Amino acid sequence: MTSLFEEIAEPAPDDVPVNRVSVTVNGKRRTADIEPRLLLAHFLRQGLKLTGTHTGCDTTNCGACTVLLDGKAVKSCTVLAVQADGRDVTTVEGMATGSELDPVQEGFKDEHALQCGFCTPGMMLSARALLNENPEPTEDEIRFALSGNLCRCTGYQNIVKAVLWAAAKENGQDPRQAVARYEAAQQGRAQQNGAHQ
Ligand code: FES
Ligand code: FES
């Protein structure tokens with residue numbers, strides 16, 4: 001076997017077993033000879049240099065490594081690359097179409113839903129998976145869908161707004177009005193709670 005991976009210069013030691021995998025990543029077929037223990041996250045980052053997929057914990061907690069596998073959100077630090085054989089993977093690098101951002105990306109930008117950005121790729125792909133299945137999620141559904149993604153910077157308020165923004169845009173509504181309605185409802189709830197104290 002000559003190469004561990006077509007994009008990696010280092011050859012695999014001869015005594016390491018390898019599997020040939022063929023994975024469509026962001027619409028492009030990638031074929032590689034890899035060790036069966038290689039994680040999908042490392043396949044993407046080190047093999048394909050798609051470093052938008054972040055690894056924060058390597059223990060399935062933080063969600064920074066979330067990608068879409070056949071359209072479903074998965075934590076790529078918990079999936080073996082061989083499990084992606086013959087399947088479709090979307091990383092954050094594959095969200096935009098040319099220069100046109102995915103509405104989820106636009107929502108994060110418009111609603112200031114990031115600070116350091118480390119959690120953002122995983123957040124956006126979890127949000128993308130949610131909207132693909134549920135185009136009109138409630139606040140609770142958004143919070144539940146993102147509950148496996150941790151952010152240490154922003155709090156989650158603007159992230160929820162960003163997803164509402166994207167949902168509205170995709171449903172042909174005015175995204176800013178949708179967010180304004182949500183904010184007004186929240187204020188109403190806060191006032192009611194205050195009145196009951
Ligand atoms: S790096 Fe995969 S969940 Fe944290
Ligand atoms: S924006 Fe920094 S961890 Fe989420």
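Two strands count as paired if DSSP finds at least two bridges between them. Keep that rule in mind for this predicted model.

Begin with strand S3, residues 66-69. S3 and strand S5 (residues 88-90) meet that rule, pairing in the antiparallel sense over two bridges. Here Leu69 stands opposite Val89 of S5. On its other pairing, S3 is joined to strand S4 (residues 72-75) by four bridges, again antiparallel. Val67 has Val74 of S4 as its bridge partner. S3 and S4 form a hairpin with two residues between the strands. Asp70 in this hairpin takes a positive phi near 50°.

Now look at the side chains of S3. In a regular strand, side chains alternate between the two faces of the sheet. Thr66 and Leu68 point one way, Val67 and Leu69 the other. All four are buried, that is, under 20% relative accessible area.

Next, S5. Strand S1 (residues 19-25) runs parallel to S5, and two bridges join them. Val25 stands opposite Val89 in S5. Val89 is also the residue that Leu69 faces.

Step back to the whole sheet. It is open, has five strands and follows the order S2-S1-S5-S3-S4, with mixed pairing. Strand S2 (28-34) and S4 are the edges, each pairing on one side only. From one strand to the next, the twist averages 40°.

Finally, the helices. Helix H1 (residues 40-47) lies across S1, S2, S3 and S5 and runs at about 75° to S1. Helix H3 (residues 120-133) packs on the sheet, touching S3, S4 and S5. The direction of H3 makes about 35° with that of S3.

Technical notes: Residues numbered from 1 in each chain as written. Chains lettered and ligands numbered in written order. Predicted model: local features only at pLDDT ≥ 70, side-chain atom pairs only at ≥ 80, totals over all residues. Heavy atoms only, no water. Buried < 20%, exposed > 50% of the residue type's maximum accessible area, 1.4 Å probe, protein only. Axes fitted to C-alpha atoms, helices over the stretch in contact; angles between N-to-C directions. Contact = heavy atoms within 4.5 Å.
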